[in-house]
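Got your viewer open? Let's take a walk around the ligand, one selection at a time.

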Amino acid sequence: MSDPHLNLINGAWVPGDHLSENRNPSDLADLIGLYAAGTAGDVTAAAEAAAAAQPGWFAAGPQARTDLLDRIATRIEAEATDIATMLAREEGKILPEALAETRRAAQIFRFFAGEALRMSGEALASVRPGVDIEVTREPVGVVGLITPWNFPAAIPAWKIAPALAYGNAVVLKPAELVPGTAHMLARIIHEAGCPAGVFNLVMGPGSVVGRAMVEAPQIGAISFTGSVPTGRAIARAAAERMKKVQLEMGGKNPMVVLDDADLPTAVAACLNGAFFSTGQRCTASSRLIVQAGIHDAFVAELTRQMMALRVGPALAPDSQIGPVVSAQQLAGNLSYVDLARAEGCEVIGGERLNLPTEGHFQRPALFLNARNDMRVAREEIFGPCAAVIRVADFDEVLAVANDSDFGLSAGICTTSLRHAREFRRQARVGMVMVNLPTAGVDYHVPFGGTKGSSLGPREQGRHAAEFYTTVKTSYSFAG
Ligand code: NAD
(Lines give C-alpha, C1' and ligand atoms only; values in the text may rest on other atoms or scores of the structure.)
Protein backbone atom coordinates (compact mmCIF):
# COMPACT_ATOMS: atom_id res chain seq x y z
CA MET A 1 0.00 0.00 0.00
CA SER A 2 1.37 3.40 -0.91
CA ASP A 3 1.50 6.53 1.23
CA PRO A 4 -1.64 8.61 1.33
CA HIS A 5 -1.80 11.06 -1.58
CA LEU A 6 -2.81 14.48 -0.39
CA ASN A 7 -4.52 17.53 -1.84
CA LEU A 8 -2.44 20.46 -3.09
CA ILE A 9 -3.67 23.71 -1.59
CA ASN A 10 -1.69 26.96 -1.69
CA GLY A 11 1.52 25.11 -2.57
CA ALA A 12 1.29 22.60 0.31
CA TRP A 13 0.16 18.97 0.47
CA VAL A 14 -2.73 18.76 2.91
CA PRO A 15 -4.96 15.90 4.10
CA GLY A 16 -8.73 15.88 3.60
CA ASP A 17 -11.14 14.47 6.16
CA HIS A 18 -10.76 10.83 5.10
CA LEU A 19 -8.89 8.64 2.63
CA SER A 20 -10.42 6.96 -0.39
CA GLU A 21 -9.24 3.69 -1.93
CA ASN A 22 -8.19 3.67 -5.58
CA ARG A 23 -8.62 0.15 -7.02
CA ASN A 24 -7.63 -1.37 -10.34
CA PRO A 25 -10.68 -2.36 -12.45
CA SER A 26 -8.55 -5.03 -14.19
CA ASP A 27 -7.71 -6.65 -10.83
CA LEU A 28 -9.75 -5.69 -7.79
CA ALA A 29 -7.09 -7.18 -5.48
CA ASP A 30 -4.72 -4.42 -6.63
CA LEU A 31 -5.03 -1.44 -4.29
CA ILE A 32 -3.34 1.40 -6.17
CA GLY A 33 -3.26 3.81 -3.26
CA LEU A 34 -5.13 5.94 -0.77
CA TYR A 35 -6.19 9.42 -1.78
CA ALA A 36 -7.36 12.32 0.37
CA ALA A 37 -11.03 13.22 0.07
CA GLY A 38 -11.37 16.95 0.56
CA THR A 39 -14.07 18.94 2.33
CA ALA A 40 -16.00 22.10 1.55
CA GLY A 41 -13.49 23.84 3.84
CA ASP A 42 -10.63 22.60 1.66
CA VAL A 43 -12.38 24.08 -1.38
CA THR A 44 -12.70 27.42 0.42
CA ALA A 45 -9.01 27.36 1.32
CA ALA A 46 -8.04 26.48 -2.25
CA ALA A 47 -10.33 29.13 -3.75
CA GLU A 48 -9.01 31.81 -1.38
CA ALA A 49 -5.41 30.86 -2.15
CA ALA A 50 -6.18 30.96 -5.87
CA ALA A 51 -7.84 34.36 -5.61
CA ALA A 52 -4.85 35.75 -3.72
CA ALA A 53 -2.31 34.30 -6.19
CA GLN A 54 -4.07 35.04 -9.48
CA PRO A 55 -3.30 38.77 -9.92
CA GLY A 56 0.43 38.14 -9.45
CA TRP A 57 0.31 35.23 -11.87
CA PHE A 58 -1.25 37.36 -14.61
CA ALA A 59 1.07 40.27 -13.84
CA ALA A 60 4.11 37.98 -14.16
CA GLY A 61 3.49 38.20 -17.90
CA PRO A 62 3.30 35.83 -20.83
CA GLN A 63 6.94 34.69 -20.71
CA ALA A 64 6.50 33.28 -17.20
CA ARG A 65 3.33 31.48 -18.26
CA THR A 66 4.89 30.13 -21.45
CA ASP A 67 7.92 28.87 -19.56
CA LEU A 68 5.85 27.10 -16.89
CA LEU A 69 3.58 25.36 -19.40
CA ASP A 70 6.56 24.31 -21.47
CA ARG A 71 8.28 22.84 -18.40
CA ILE A 72 5.10 20.96 -17.49
CA ALA A 73 4.92 19.50 -21.02
CA THR A 74 8.54 18.39 -20.83
CA ARG A 75 8.01 16.70 -17.45
CA ILE A 76 4.88 14.90 -18.64
CA GLU A 77 6.84 13.57 -21.62
CA ALA A 78 9.70 12.49 -19.34
CA GLU A 79 7.30 10.63 -17.00
CA ALA A 80 4.95 9.43 -19.75
CA THR A 81 5.42 5.71 -19.07
CA ASP A 82 4.73 6.07 -15.35
CA ILE A 83 1.73 8.32 -15.89
CA ALA A 84 0.31 6.02 -18.57
CA THR A 85 0.80 2.99 -16.34
CA MET A 86 -1.13 4.73 -13.57
CA LEU A 87 -3.83 5.76 -16.05
CA ALA A 88 -4.21 2.22 -17.39
CA ARG A 89 -4.17 0.78 -13.88
CA GLU A 90 -6.85 3.05 -12.42
CA GLU A 91 -9.09 3.68 -15.46
CA GLY A 92 -8.66 0.43 -17.39
CA LYS A 93 -7.57 1.85 -20.75
CA ILE A 94 -5.03 -0.42 -22.43
CA LEU A 95 -1.44 0.81 -22.11
CA PRO A 96 -0.97 2.00 -25.74
CA GLU A 97 -4.13 4.12 -25.45
CA ALA A 98 -3.01 5.40 -22.05
CA LEU A 99 0.39 6.34 -23.47
CA ALA A 100 -1.19 8.16 -26.40
CA GLU A 101 -3.45 10.05 -24.00
CA THR A 102 -0.53 11.02 -21.78
CA ARG A 103 1.47 12.29 -24.76
CA ARG A 104 -1.61 14.21 -25.83
CA ALA A 105 -1.65 15.90 -22.42
CA ALA A 106 1.95 17.04 -22.99
CA GLN A 107 1.09 18.30 -26.49
CA ILE A 108 -1.79 20.32 -25.07
CA PHE A 109 0.47 22.02 -22.51
CA ARG A 110 2.99 22.73 -25.30
CA PHE A 111 0.28 24.21 -27.53
CA PHE A 112 -0.96 26.54 -24.80
CA ALA A 113 2.62 27.48 -23.87
CA GLY A 114 2.66 29.14 -27.30
CA GLU A 115 -0.84 30.58 -26.94
CA ALA A 116 0.18 32.48 -23.78
CA LEU A 117 2.38 34.63 -26.02
CA ARG A 118 -0.34 35.11 -28.61
CA MET A 119 -3.04 36.58 -26.35
CA SER A 120 -4.11 39.43 -28.60
CA GLY A 121 -6.66 42.20 -28.88
CA GLU A 122 -7.90 44.76 -31.36
CA ALA A 123 -7.40 48.48 -31.84
CA LEU A 124 -10.20 50.37 -33.54
CA ALA A 125 -10.96 54.00 -34.29
CA SER A 126 -13.98 55.37 -32.47
CA VAL A 127 -16.94 56.94 -34.22
CA ARG A 128 -16.09 59.97 -32.04
CA PRO A 129 -13.11 62.03 -33.28
CA GLY A 130 -10.00 61.84 -31.09
CA VAL A 131 -11.16 58.71 -29.27
CA ASP A 132 -9.31 55.40 -29.55
CA ILE A 133 -10.74 52.01 -28.70
CA GLU A 134 -8.82 48.99 -27.48
CA VAL A 135 -10.44 45.56 -27.10
CA THR A 136 -8.37 43.28 -24.86
CA ARG A 137 -8.74 39.87 -23.26
CA GLU A 138 -8.24 39.42 -19.53
CA PRO A 139 -8.29 36.31 -17.35
CA VAL A 140 -11.59 35.39 -15.74
CA GLY A 141 -9.81 35.07 -12.36
CA VAL A 142 -10.20 31.78 -10.52
CA VAL A 143 -11.62 28.88 -12.54
CA GLY A 144 -12.96 25.63 -11.14
CA LEU A 145 -12.31 22.54 -13.25
CA ILE A 146 -14.45 19.42 -12.67
CA THR A 147 -13.43 16.39 -14.71
CA PRO A 148 -14.75 12.87 -15.48
CA TRP A 149 -12.99 9.53 -15.20
CA ASN A 150 -12.70 8.51 -18.84
CA PHE A 151 -9.75 10.71 -19.92
CA PRO A 152 -7.87 11.20 -16.63
CA ALA A 153 -4.87 12.95 -18.25
CA ALA A 154 -6.17 14.63 -21.41
CA ILE A 155 -9.32 16.29 -20.04
CA PRO A 156 -7.62 17.87 -16.99
CA ALA A 157 -4.82 19.00 -19.36
CA TRP A 158 -7.16 20.61 -21.86
CA LYS A 159 -8.72 22.63 -19.06
CA ILE A 160 -5.65 23.41 -16.90
CA ALA A 161 -3.38 24.47 -19.79
CA PRO A 162 -5.59 27.23 -21.26
CA ALA A 163 -6.66 28.36 -17.77
CA LEU A 164 -3.03 28.96 -16.75
CA ALA A 165 -1.91 30.22 -20.19
CA TYR A 166 -4.45 33.06 -20.12
CA GLY A 167 -3.50 34.07 -16.56
CA ASN A 168 -6.13 32.37 -14.40
CA ALA A 169 -5.63 30.46 -11.16
CA VAL A 170 -7.11 26.97 -10.92
CA VAL A 171 -8.91 24.63 -8.54
CA LEU A 172 -9.09 21.12 -10.07
CA LYS A 173 -11.41 18.36 -8.87
CA PRO A 174 -10.83 15.07 -10.68
CA ALA A 175 -13.36 12.21 -10.74
CA GLU A 176 -13.31 9.98 -7.65
CA LEU A 177 -12.41 6.89 -9.72
CA VAL A 178 -9.17 8.35 -11.13
CA PRO A 179 -7.34 10.48 -8.55
CA GLY A 180 -3.96 8.88 -9.34
CA THR A 181 -3.33 10.46 -12.74
CA ALA A 182 -4.58 13.86 -11.53
CA HIS A 183 -2.30 13.63 -8.51
CA MET A 184 0.69 12.93 -10.74
CA LEU A 185 -0.21 15.91 -12.94
CA ALA A 186 -0.57 18.11 -9.85
CA ARG A 187 2.84 17.04 -8.55
CA ILE A 188 4.41 17.80 -11.94
CA ILE A 189 2.77 21.23 -12.11
CA HIS A 190 3.97 21.96 -8.54
CA GLU A 191 7.51 20.70 -9.18
CA ALA A 192 7.70 22.61 -12.46
CA GLY A 193 7.60 25.80 -10.38
CA CYS A 194 3.96 26.86 -10.42
CA PRO A 195 3.63 29.62 -7.79
CA ALA A 196 1.74 28.64 -4.60
CA GLY A 197 -2.02 29.00 -4.97
CA VAL A 198 -2.00 29.31 -8.77
CA PHE A 199 -2.84 25.63 -9.17
CA ASN A 200 -4.75 23.69 -6.50
CA LEU A 201 -5.94 20.09 -6.44
CA VAL A 202 -8.89 19.08 -4.28
CA MET A 203 -9.87 15.43 -4.68
CA GLY A 204 -13.08 13.96 -3.32
CA PRO A 205 -16.76 13.37 -4.01
CA GLY A 206 -18.62 15.55 -6.48
CA SER A 207 -21.49 16.02 -4.04
CA VAL A 208 -19.09 17.65 -1.54
CA VAL A 209 -16.05 19.06 -3.36
CA GLY A 210 -17.68 19.71 -6.76
CA ARG A 211 -20.70 21.33 -5.19
CA ALA A 212 -18.54 23.55 -2.94
CA MET A 213 -16.59 24.69 -6.02
CA VAL A 214 -19.75 25.77 -7.79
CA GLU A 215 -20.81 27.63 -4.65
CA ALA A 216 -17.43 29.25 -3.81
CA PRO A 217 -17.70 33.02 -4.35
CA GLN A 218 -14.02 33.31 -5.32
CA ILE A 219 -14.48 30.95 -8.28
CA GLY A 220 -15.78 32.94 -11.25
CA ALA A 221 -16.16 30.19 -13.83
CA ILE A 222 -16.67 26.43 -13.90
CA SER A 223 -15.52 24.17 -16.72
CA PHE A 224 -17.17 20.77 -16.36
CA THR A 225 -16.99 17.54 -18.33
CA GLY A 226 -19.25 14.69 -17.28
CA SER A 227 -22.80 13.43 -17.45
CA VAL A 228 -25.90 15.38 -18.38
CA PRO A 229 -27.60 15.22 -14.94
CA THR A 230 -24.50 16.59 -13.18
CA GLY A 231 -24.05 19.22 -15.88
CA ARG A 232 -27.65 20.32 -15.48
CA ALA A 233 -27.25 20.64 -11.68
CA ILE A 234 -24.07 22.68 -12.12
CA ALA A 235 -25.68 24.95 -14.73
CA ARG A 236 -28.59 25.62 -12.38
CA ALA A 237 -26.37 26.41 -9.40
CA ALA A 238 -24.01 28.53 -11.51
CA ALA A 239 -26.87 30.55 -13.00
CA GLU A 240 -28.06 31.36 -9.50
CA ARG A 241 -24.60 32.84 -8.79
CA MET A 242 -24.08 34.40 -12.26
CA LYS A 243 -21.03 32.21 -12.92
CA LYS A 244 -19.69 31.49 -16.34
CA VAL A 245 -20.03 27.78 -17.24
CA GLN A 246 -18.68 25.49 -19.89
CA LEU A 247 -20.33 22.06 -19.93
CA GLU A 248 -19.18 19.11 -22.04
CA MET A 249 -21.54 16.17 -21.57
CA GLY A 250 -22.77 13.04 -23.22
CA GLY A 251 -23.29 11.78 -26.73
CA LYS A 252 -25.23 9.21 -28.76
CA ASN A 253 -23.06 9.64 -31.78
CA PRO A 254 -24.31 8.39 -35.15
CA MET A 255 -21.93 6.65 -37.54
CA VAL A 256 -23.43 6.29 -41.00
CA VAL A 257 -22.39 3.60 -43.48
CA LEU A 258 -23.73 4.20 -46.98
CA ASP A 259 -24.06 1.54 -49.68
CA ASP A 260 -21.14 3.09 -51.56
CA ALA A 261 -18.77 2.96 -48.55
CA ASP A 262 -15.46 1.14 -48.73
CA LEU A 263 -16.28 -1.85 -46.50
CA PRO A 264 -12.87 -2.24 -44.79
CA THR A 265 -12.76 1.51 -44.06
CA ALA A 266 -16.29 1.45 -42.62
CA VAL A 267 -15.69 -1.62 -40.46
CA ALA A 268 -12.38 -0.24 -39.14
CA ALA A 269 -13.98 3.13 -38.30
CA CYS A 270 -16.93 1.49 -36.51
CA LEU A 271 -14.80 -1.04 -34.62
CA ASN A 272 -12.58 1.76 -33.34
CA GLY A 273 -15.37 4.28 -32.74
CA ALA A 274 -17.72 1.89 -30.94
CA PHE A 275 -15.41 -0.34 -28.91
CA PHE A 276 -11.92 1.06 -28.42
CA SER A 277 -11.32 2.48 -24.95
CA THR A 278 -14.10 0.04 -23.94
CA GLY A 279 -16.64 2.40 -25.56
CA GLN A 280 -16.08 4.83 -22.70
CA ARG A 281 -15.72 7.92 -24.87
CA CYS A 282 -18.24 10.73 -25.13
CA THR A 283 -17.57 10.64 -28.89
CA ALA A 284 -18.05 6.85 -29.19
CA SER A 285 -20.07 5.59 -32.19
CA SER A 286 -23.08 4.23 -30.36
CA ARG A 287 -25.58 4.33 -33.25
CA LEU A 288 -24.42 2.62 -36.44
CA ILE A 289 -26.82 3.77 -39.16
CA VAL A 290 -26.36 1.41 -42.08
CA GLN A 291 -27.94 1.54 -45.55
CA ALA A 292 -29.83 -1.60 -46.58
CA GLY A 293 -27.62 -2.59 -49.52
CA ILE A 294 -24.42 -2.91 -47.47
CA HIS A 295 -26.08 -3.84 -44.17
CA ASP A 296 -25.62 -7.61 -44.13
CA ALA A 297 -22.04 -7.63 -45.42
CA PHE A 298 -21.13 -4.84 -42.98
CA VAL A 299 -22.73 -6.57 -39.98
CA ALA A 300 -21.09 -9.90 -40.82
CA GLU A 301 -17.60 -8.39 -41.05
CA LEU A 302 -18.01 -6.10 -38.03
CA THR A 303 -19.30 -9.03 -35.97
CA ARG A 304 -16.34 -11.17 -37.01
CA GLN A 305 -13.83 -8.49 -36.04
CA MET A 306 -15.66 -7.52 -32.84
CA MET A 307 -15.79 -11.11 -31.58
CA ALA A 308 -12.06 -11.42 -32.26
CA LEU A 309 -11.18 -8.43 -30.04
CA ARG A 310 -9.14 -9.59 -27.06
CA VAL A 311 -10.67 -8.32 -23.82
CA GLY A 312 -8.21 -8.37 -20.94
CA PRO A 313 -6.32 -6.52 -18.22
CA ALA A 314 -5.27 -3.01 -19.23
CA LEU A 315 -1.57 -3.68 -18.69
CA ALA A 316 -1.45 -7.08 -20.45
CA PRO A 317 0.45 -6.65 -23.73
CA ASP A 318 -2.06 -8.59 -25.84
CA SER A 319 -5.23 -6.88 -24.55
CA GLN A 320 -7.13 -4.79 -27.08
CA ILE A 321 -10.11 -3.86 -24.89
CA GLY A 322 -9.63 -3.18 -21.19
CA PRO A 323 -12.19 -3.56 -18.42
CA VAL A 324 -15.21 -1.40 -17.78
CA VAL A 325 -14.23 1.27 -15.25
CA SER A 326 -16.36 0.21 -12.26
CA ALA A 327 -18.85 -2.34 -10.95
CA GLN A 328 -21.59 0.27 -11.22
CA GLN A 329 -20.79 1.07 -14.85
CA LEU A 330 -20.63 -2.66 -15.72
CA ALA A 331 -24.01 -3.29 -14.08
CA GLY A 332 -25.44 -0.40 -16.13
CA ASN A 333 -23.98 -1.78 -19.37
CA LEU A 334 -25.34 -5.28 -18.67
CA SER A 335 -28.78 -3.87 -17.96
CA TYR A 336 -28.72 -2.16 -21.38
CA VAL A 337 -27.83 -5.53 -22.95
CA ASP A 338 -30.96 -6.99 -21.31
CA LEU A 339 -32.98 -3.96 -22.38
CA ALA A 340 -31.83 -4.36 -26.00
CA ARG A 341 -33.25 -7.91 -25.99
CA ALA A 342 -36.44 -6.76 -24.31
CA GLU A 343 -36.86 -4.02 -26.94
CA GLY A 344 -36.58 -6.64 -29.70
CA CYS A 345 -32.93 -6.45 -30.80
CA GLU A 346 -30.79 -9.43 -31.66
CA VAL A 347 -27.80 -9.11 -29.33
CA ILE A 348 -24.34 -10.28 -30.29
CA GLY A 349 -21.75 -10.43 -27.49
CA GLY A 350 -22.19 -8.14 -24.47
CA GLU A 351 -21.79 -10.79 -21.76
CA ARG A 352 -19.72 -10.42 -18.62
CA LEU A 353 -16.37 -12.20 -18.89
CA ASN A 354 -14.62 -14.02 -16.07
CA LEU A 355 -10.86 -13.79 -16.51
CA PRO A 356 -8.02 -14.99 -14.27
CA THR A 357 -7.98 -11.67 -12.39
CA GLU A 358 -11.22 -10.45 -10.86
CA GLY A 359 -12.16 -7.34 -12.83
CA HIS A 360 -15.05 -5.65 -14.63
CA PHE A 361 -14.68 -7.35 -18.02
CA GLN A 362 -17.35 -7.34 -20.70
CA ARG A 363 -17.36 -8.55 -24.30
CA PRO A 364 -18.29 -5.76 -26.74
CA ALA A 365 -21.89 -5.88 -27.96
CA LEU A 366 -23.88 -5.17 -31.12
CA PHE A 367 -27.62 -4.61 -30.88
CA LEU A 368 -28.95 -5.61 -34.31
CA ASN A 369 -32.34 -4.60 -35.79
CA ALA A 370 -32.46 -1.56 -33.53
CA ARG A 371 -34.86 1.30 -34.18
CA ASN A 372 -34.00 4.88 -33.39
CA ASP A 373 -36.95 5.23 -31.00
CA MET A 374 -35.69 2.43 -28.72
CA ARG A 375 -34.09 3.47 -25.43
CA VAL A 376 -30.88 1.66 -26.44
CA ALA A 377 -30.66 4.05 -29.40
CA ARG A 378 -31.52 7.19 -27.43
CA GLU A 379 -29.76 6.93 -24.06
CA GLU A 380 -26.00 7.16 -23.59
CA ILE A 381 -24.73 3.77 -22.37
CA PHE A 382 -21.04 4.75 -22.13
CA GLY A 383 -19.85 1.18 -22.61
CA PRO A 384 -18.74 -1.14 -25.45
CA CYS A 385 -22.24 -1.38 -26.97
CA ALA A 386 -23.49 -0.15 -30.34
CA ALA A 387 -26.99 -0.24 -31.82
CA VAL A 388 -27.23 -1.04 -35.54
CA ILE A 389 -30.10 0.75 -37.31
CA ARG A 390 -30.93 -0.20 -40.90
CA VAL A 391 -32.05 2.67 -43.17
CA ALA A 392 -33.26 2.86 -46.78
CA ASP A 393 -31.77 6.02 -48.26
CA PHE A 394 -29.81 9.20 -47.62
CA ASP A 395 -32.86 11.21 -46.53
CA GLU A 396 -33.55 8.61 -43.83
CA VAL A 397 -29.87 8.71 -42.85
CA LEU A 398 -30.08 12.42 -42.10
CA ALA A 399 -33.42 12.14 -40.32
CA VAL A 400 -32.22 9.31 -38.05
CA ALA A 401 -28.75 10.78 -37.42
CA ASN A 402 -30.23 14.11 -36.31
CA ASP A 403 -33.06 12.60 -34.27
CA SER A 404 -31.23 12.63 -30.92
CA ASP A 405 -31.15 14.69 -27.75
CA PHE A 406 -27.36 14.83 -28.19
CA GLY A 407 -25.20 16.48 -30.85
CA LEU A 408 -21.53 15.87 -30.16
CA SER A 409 -19.93 13.98 -33.06
CA ALA A 410 -21.26 12.33 -36.23
CA GLY A 411 -19.50 10.25 -38.87
CA ILE A 412 -20.18 9.00 -42.36
CA CYS A 413 -18.43 6.36 -44.44
CA THR A 414 -18.99 6.95 -48.14
CA THR A 415 -17.11 7.32 -51.39
CA SER A 416 -19.62 9.91 -52.61
CA LEU A 417 -18.33 13.46 -52.38
CA ARG A 418 -21.88 14.73 -52.72
CA HIS A 419 -23.18 12.70 -49.77
CA ALA A 420 -20.14 13.51 -47.64
CA ARG A 421 -20.58 17.23 -48.34
CA GLU A 422 -24.31 17.12 -47.64
CA PHE A 423 -23.76 15.22 -44.38
CA ARG A 424 -21.10 17.69 -43.20
CA ARG A 425 -23.58 20.50 -43.76
CA GLN A 426 -26.73 18.88 -42.41
CA ALA A 427 -25.48 16.97 -39.34
CA ARG A 428 -26.60 18.88 -36.24
CA VAL A 429 -23.48 18.23 -34.21
CA GLY A 430 -20.30 20.01 -33.16
CA MET A 431 -17.89 17.66 -34.98
CA VAL A 432 -18.25 15.70 -38.24
CA MET A 433 -15.99 12.89 -39.46
CA VAL A 434 -15.86 11.57 -43.02
CA ASN A 435 -14.39 8.05 -43.39
CA LEU A 436 -13.01 8.38 -39.85
CA PRO A 437 -14.24 7.16 -36.44
CA THR A 438 -16.51 9.55 -34.54
CA ALA A 439 -13.95 9.48 -31.71
CA GLY A 440 -10.38 10.75 -32.02
CA VAL A 441 -9.82 14.48 -32.35
CA ASP A 442 -6.95 16.92 -32.71
CA TYR A 443 -5.97 19.23 -29.88
CA HIS A 444 -5.46 22.50 -31.77
CA VAL A 445 -9.04 22.85 -33.03
CA PRO A 446 -12.36 23.35 -31.23
CA PHE A 447 -14.02 20.46 -29.43
CA GLY A 448 -17.68 20.40 -28.42
CA GLY A 449 -21.22 19.76 -29.49
CA THR A 450 -24.79 20.98 -29.79
CA LYS A 451 -28.10 20.21 -28.06
CA GLY A 452 -27.72 18.15 -24.85
CA SER A 453 -24.01 17.51 -25.44
CA SER A 454 -22.51 20.91 -24.68
CA LEU A 455 -23.28 24.29 -23.22
CA GLY A 456 -21.07 27.34 -23.44
CA PRO A 457 -17.95 28.10 -25.46
CA ARG A 458 -15.92 25.37 -27.17
CA GLU A 459 -12.87 23.75 -25.57
CA GLN A 460 -9.40 23.33 -27.08
CA GLY A 461 -7.45 25.22 -29.71
CA ARG A 462 -7.60 28.99 -29.86
CA HIS A 463 -11.35 28.86 -29.15
CA ALA A 464 -10.49 28.03 -25.53
CA ALA A 465 -9.86 31.76 -25.05
CA GLU A 466 -13.62 32.36 -25.24
CA PHE A 467 -14.16 30.64 -21.93
CA TYR A 468 -10.91 31.35 -20.07
CA THR A 469 -10.85 35.09 -20.78
CA THR A 470 -13.23 37.97 -20.58
CA VAL A 471 -13.28 40.85 -23.07
CA LYS A 472 -12.64 44.44 -22.02
CA THR A 473 -13.39 47.44 -24.25
CA SER A 474 -11.38 50.61 -23.34
CA TYR A 475 -12.04 54.06 -24.76
CA SER A 476 -9.46 56.84 -24.49
CA PHE A 477 -9.53 60.48 -25.50
CA ALA A 478 -6.16 62.10 -25.91
CA GLY A 479 -7.60 65.55 -25.09
P1 NAD B 1 -20.26 12.51 -13.71
O2 NAD B 1 -21.20 13.58 -14.15
O3 NAD B 1 -20.76 11.48 -12.80
O4 NAD B 1 -19.01 13.17 -12.96
C5 NAD B 1 -18.20 14.14 -13.58
C6 NAD B 1 -17.53 14.98 -12.50
O7 NAD B 1 -18.52 15.75 -11.82
C8 NAD B 1 -16.82 14.14 -11.43
O9 NAD B 1 -15.62 14.79 -11.06
C10 NAD B 1 -17.83 14.17 -10.29
O11 NAD B 1 -17.24 13.96 -9.03
C12 NAD B 1 -18.38 15.56 -10.41
N13 NAD B 1 -19.68 15.78 -9.75
C14 NAD B 1 -20.63 14.84 -9.45
N15 NAD B 1 -21.67 15.44 -8.82
C16 NAD B 1 -21.39 16.76 -8.74
C17 NAD B 1 -22.10 17.89 -8.23
N18 NAD B 1 -23.29 17.79 -7.65
N19 NAD B 1 -21.51 19.11 -8.33
C20 NAD B 1 -20.31 19.24 -8.92
N21 NAD B 1 -19.59 18.21 -9.41
C22 NAD B 1 -20.13 16.98 -9.34
O23 NAD B 1 -19.63 11.89 -15.05
P24 NAD B 1 -18.60 10.67 -15.16
O25 NAD B 1 -19.36 9.43 -14.88
O26 NAD B 1 -17.35 10.95 -14.39
O27 NAD B 1 -18.21 10.73 -16.71
C28 NAD B 1 -18.97 10.11 -17.70
C29 NAD B 1 -19.75 11.16 -18.46
O30 NAD B 1 -18.85 12.15 -18.98
C31 NAD B 1 -20.46 10.61 -19.68
O32 NAD B 1 -21.77 11.11 -19.75
C33 NAD B 1 -19.64 11.14 -20.85
O34 NAD B 1 -20.34 11.30 -22.05
C35 NAD B 1 -19.17 12.45 -20.32
N36 NAD B 1 -18.00 12.93 -21.05
C37 NAD B 1 -18.15 13.97 -21.89
C38 NAD B 1 -17.07 14.46 -22.61
C39 NAD B 1 -17.25 15.62 -23.54
O40 NAD B 1 -16.27 16.31 -23.77
N41 NAD B 1 -18.43 15.88 -24.07
C42 NAD B 1 -15.83 13.88 -22.46
C43 NAD B 1 -15.70 12.81 -21.58
C44 NAD B 1 -16.80 12.35 -20.85
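Here is the tour, starting with some ground rules.

This is a predicted model, where local features need pLDDT of at least 70, side-chain atom pairs count only at pLDDT 80 or more, and totals for chains, interfaces and linings use all residues. Residues are numbered from 1 along each chain as its sequence is written, and side-chain values use heavy atoms, with hydrogens and water left out.

**Stop 1: the shell.** Select everything around the ligand (a heavy atom within 4 Å of it) and you get 27 residues, the closest being T147, E176, S227, M249 and E380. They split into 13 nonpolar, nine polar (Gly goes here) and five charged.

**Stop 2: polar contacts.** These are pairs of N or O atoms within 3.5 Å. Show the side chain of E380: one of its N or O atoms is 2.6 Å from a ligand oxygen. For E176 that distance is 2.7 Å, and for W149 it is 2.9 Å.

**Stop 3: helices and strands.** Color α7 (206-215), β11 (221-225) and α8 (228-240), DSSP runs of at least four residues for helices and two for strands; each supplies at least two shell residues. The top contributor is α7, with three.

**Stop 4: zoom out.** Where does the ligand lie? Color domain 1 (7-249 + 453-477) and domain 2 (253-434), bounds from an automatic or database assignment: both give residues to the shell, so the ligand lies between them.

How values were computed
Polar contact = N/O pair within 3.5 Å; in protein donor to acceptor, adjacent residues only side chain to side chain.
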